[in-house]
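Reader: I'd like to practise reading how a helix sits among its neighbours. Can you put one up and talk me through it?

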Amino acid sequence: MATAPGLPKGPGGNADEAKFRQAMSLVQSGRPREAELIVSDVLKRSPRNPGALHVMGCALLVQGQPADAIAPLQEAARLLHRPDVDTQLAIALRQVGRNDDALSRL
């Protein structure tokens, strides 16, 4: 799973960016549920925060919930325009059998 460089600063600014980095680190170290809890707090305040949506999608994907990961990853991809987010979205789409949609993301 890729790191989340250059995350946009939302209402929480640097504090949220630090949370995203911590949460992505948790995803990468096999602790996605903890990451999900961290970004859930940000999403309560700012439901369309692209960094939080990206991390949430990654956490759900790693937990074997690709169908649940699609919506946050789609919104993050729409807002961030980053290849790593598109790739993670494509993985989720492929895992739920939407191969044509997955290929169109790549």
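Author: Sure, and keep in mind that this is a predicted model. Let's start with burial along one helix: in helix 3, the buried residues are Pro 50, Gly 51, Ala 52, Leu 53, His 54, Val 55, Met 56, Gly 57, Cys 58, Ala 59, Leu 60 and Leu 61.

Reader: How many residues of helix 3 are buried, put as a count?

Author: 12 of its 13, so helix 3 is mostly covered, taking under 20% relative accessible area as buried. For the chain, the buried share is 46% of 106 residues.

Reader: How should I think about the directions in which side chains point from a helix?

Author: The general idea is that an α-helix has 3.6 residues a turn, so residues three or four places apart point the same way. With that in mind, look at which residues of helix 3 go to which partner. As for its length, helix 3 spans 18 Å from its first C-alpha to its last, close to the 18 Å expected at 1.5 Å a residue.

Reader: And what is the overall architecture, in helices and strands?

Author: The chain has six helices and zero strands, and along the sequence the pattern reads α-α-α-α-α-α. Among contacts with a separation of 6 or more, 48% join residues 24 or more positions apart.

Reader: Let's take the partners in turn. At what angle do helix 2 and helix 3 cross?

Author: Roughly 150°, with the axes of helix 2 (residues 32-45) and helix 3 (residues 50-62) coming within 9 Å. That makes helix 2 roughly antiparallel to helix 3, since angles over 145 degrees count that way. The handedness of this crossing is left-handed.

Reader: Which residues make that contact?

Author: On the helix 2 side you have Pro 32, Ala 35, Glu 36, Val 39, Ser 40, Val 42 and Leu 43; they meet Ala 52, Leu 53, Val 55, Met 56, Ala 59, Leu 60 and Val 62 of helix 3. Sorted by class, the residues of this contact are 12 nonpolar, one polar and one charged.

Reader: On to the next neighbour: how do helix 3 and helix 4 pack?

Author: Their axes are 8 Å apart and the angle is about 150°. That makes helix 3 roughly antiparallel to helix 4. Helix 3 passes helix 4 in a left-handed crossing. From helix 3, the contact takes in Pro 50, Leu 53, His 54, Met 56, Gly 57, Cys 58, Leu 60 and Leu 61, and from helix 4 it takes in Pro 66, Asp 68, Ala 69, Pro 72, Leu 73, Glu 75, Ala 76, Leu 79 and Leu 80. The class split for helix 3 with helix 4 is 13 nonpolar, two polar and two charged.

Reader: What about helix 5: at what angle does helix 3 cross that one?

Author: Roughly 35°, and the axes of helix 3 and helix 5 come within 11 Å. The crossing is left-handed. Here His 54, Cys 58 and Leu 61 of helix 3 touch Asp 84, Val 85, Gln 88, Ile 91, Ala 92 and Gln 95 of helix 5. By class, the contact of helix 3 with helix 5 has five nonpolar, three polar and one charged residues.

Reader: Can we zoom in on one residue? Is Leu 53 buried or exposed?

Author: Buried: Leu 53 has a relative accessible area of 8%, and its place is in helix 3. Leaving out residues up to four places away in sequence, Leu 53 touches Leu 43, Pro 47, Arg 48, Pro 72, Glu 75, Ala 76 and Leu 79. The C-alpha atoms of Leu 53 and Leu 79 are 9.8 Å from each other, with their positions 26 residues apart along the chain.

Reader: Now the loops. Where does Gly 64 lie?

Author: In the loop between helix 3 and helix 4. Gly 64 counts as exposed, with 53% relative accessibility. Gly 64 and Ala 92 are 28 residues apart in sequence, yet 9.3 Å apart C-alpha to C-alpha.

Reader: And what stands out in the backbone of His 81?

Author: Its phi is positive, about 55°, although His 81 is not a glycine. His 81 sits in the loop between helix 4 (66-80) and helix 5 (83-95), and at 65% relative accessibility it counts as exposed.

Reader: One last residue: how accessible is Thr 87?

Author: Thr 87 counts as partly exposed, at 37% relative accessibility. Thr 87 lies in helix 5, and its C-alpha is 7.0 Å from that of Arg 105, 18 residues away along the chain.

Methods:
Residues numbered from 1 in each chain as written. Predicted model: local features only at pLDDT ≥ 70, side-chain atom pairs only at ≥ 80, totals over all residues. Heavy atoms only, no water. Axes fitted to C-alpha atoms, helices over the stretch in contact; angles between N-to-C directions. Helix = DSSP H or I, 4+ residues; strand = E, 2+ residues; numbered from the N terminus. Parallel < 35°, antiparallel > 145°, perpendicular 65-115°, else oblique. Left-handed = near helix turned anticlockwise from the far one by under 90°. Contact = heavy atoms within 4.5 Å. Nonpolar A, V, L, I, M, F, W, Y, C, P; charged D, E, K, R; others polar. Expected span 1.5 Å × (residues − 1). Buried < 20%, exposed > 50% of the residue type's maximum accessible area, 1.4 Å probe, protein only.
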